[in-house]
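Open your viewer and keep the selection panel handy. We will start with the whole chain and then pick out a few side chains.

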Amino acid sequence: MLLKMMMQEAKTDGEFRKKLEIRIKMTWVSVLMGVVAVVSGVAMMMLGADEHRAAFLSGVYCGIGTVAIVGGIISVVRTHRMLNDEKLLRSERIKKSDERENAICKNAASSAGTALVYLMFAALIVAGFFSMTVFWTLWGTLIGYFLILKGMKVYYQKKN
């Protein structure tokens, strides 16, 4: 959904085509991350001293990585097909420029971010009683989120 939000607000087919090309590049990054996850999962299984933990994490890494690889390749194929078919490209651009759908996506992303911050803050408070490692991880994640949020705000202020 987040990558699809990038496709919004394309006024011409050419502009939409450029956004799709950027989406393909970002999707290849996701595929590469999937490959890294699968390799990490296999390496963890081979090197894991704690068999139960290694088996669990290996399965999680391999599963997530496989989904990222397969989903990414399917997305790239579909996007290439769209780039090669002018009629399909135009109909997708029109569909992606529906203002109501765009507003729904932006509101959903904003609400999800807000809910995540509140849930992480609550978890941070609870974690402080039990595990400083979890506390500092949540603290760093919250600080990182707010730094990224500020950076994105500055970026879009300059862009618009």
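Colour the protein chain by secondary structure and follow the order from the N terminus: α-α-α-α-α-α. That comes to six helices and zero strands, where helices (H or I, at least four residues) and strands (E, at least two) are DSSP runs numbered from the N terminus. The radius of gyration is 20 Å, well over the 15 Å that the globule rule gives for 160 residues, so the chain is more spread out than a compact globule. That radius is taken over C-alpha atoms, and the rule is 2.2 Å times the number of residues to the power 0.38.

A word on what you are viewing: this is a predicted model, in which local features need pLDDT of at least 70 and side-chain atom pairs count only at pLDDT 80 or more, while totals for chains, interfaces and linings use all residues. Residues are numbered from 1 along each chain as its sequence is written, and side-chain values use heavy atoms, with hydrogens and water left out.

Now zoom out and show only C-alpha atoms: along the principal axes they fill a box of roughly 55 × 35 × 25 Å. Switch on the surface next. About 11600 Å² is exposed, with carbon and sulfur atoms supplying 69% of it (Shrake-Rupley method, 1.4 Å probe). Buried residues make up 24% of the 160 in the chain; buried means under 20% relative accessible area, exposed over 50%, and partly exposed in between.

Select the charged side chains: there are 21 positive and 12 negative ones, and the centres of the two sets lie 5 Å apart. Lys and Arg count as positive, Asp and Glu as negative; His and the chain ends are not counted.

How many aromatic pairs does the structure hold? There are three, a pair being rings of Phe, Tyr or Trp with centres within 6.5 Å, and edge-to-face meaning planes over 60 degrees apart. Select Tyr 145 and Phe 146: this pair is edge-to-face, at 5.4 Å centre to centre and 75 degrees between the planes. Move on to Tyr 155 and Tyr 156, whose ring centres are 4.9 Å apart with planes at 75 degrees, so this pair is edge-to-face. Tyr 155 is partly exposed at 45% relative accessibility, and Tyr 156 is partly exposed at 44%.

For the last stop, select His 80 in helix H3 (residues 51-83). His 80 is partly exposed, at 38% relative accessibility. Add Met 26, 54 residues away along the chain: the C-alpha atoms of His 80 and Met 26 are separated by 14 Å.

Key:
Buried < 20%, exposed > 50% of the residue type's maximum accessible area, 1.4 Å probe, protein only. Charge placed at Lys NZ, Arg CZ, Asp CG, Glu CD. Phe/Tyr/Trp six-rings, centres within 6.5 Å; stacked < 30°, edge-to-face > 60°.
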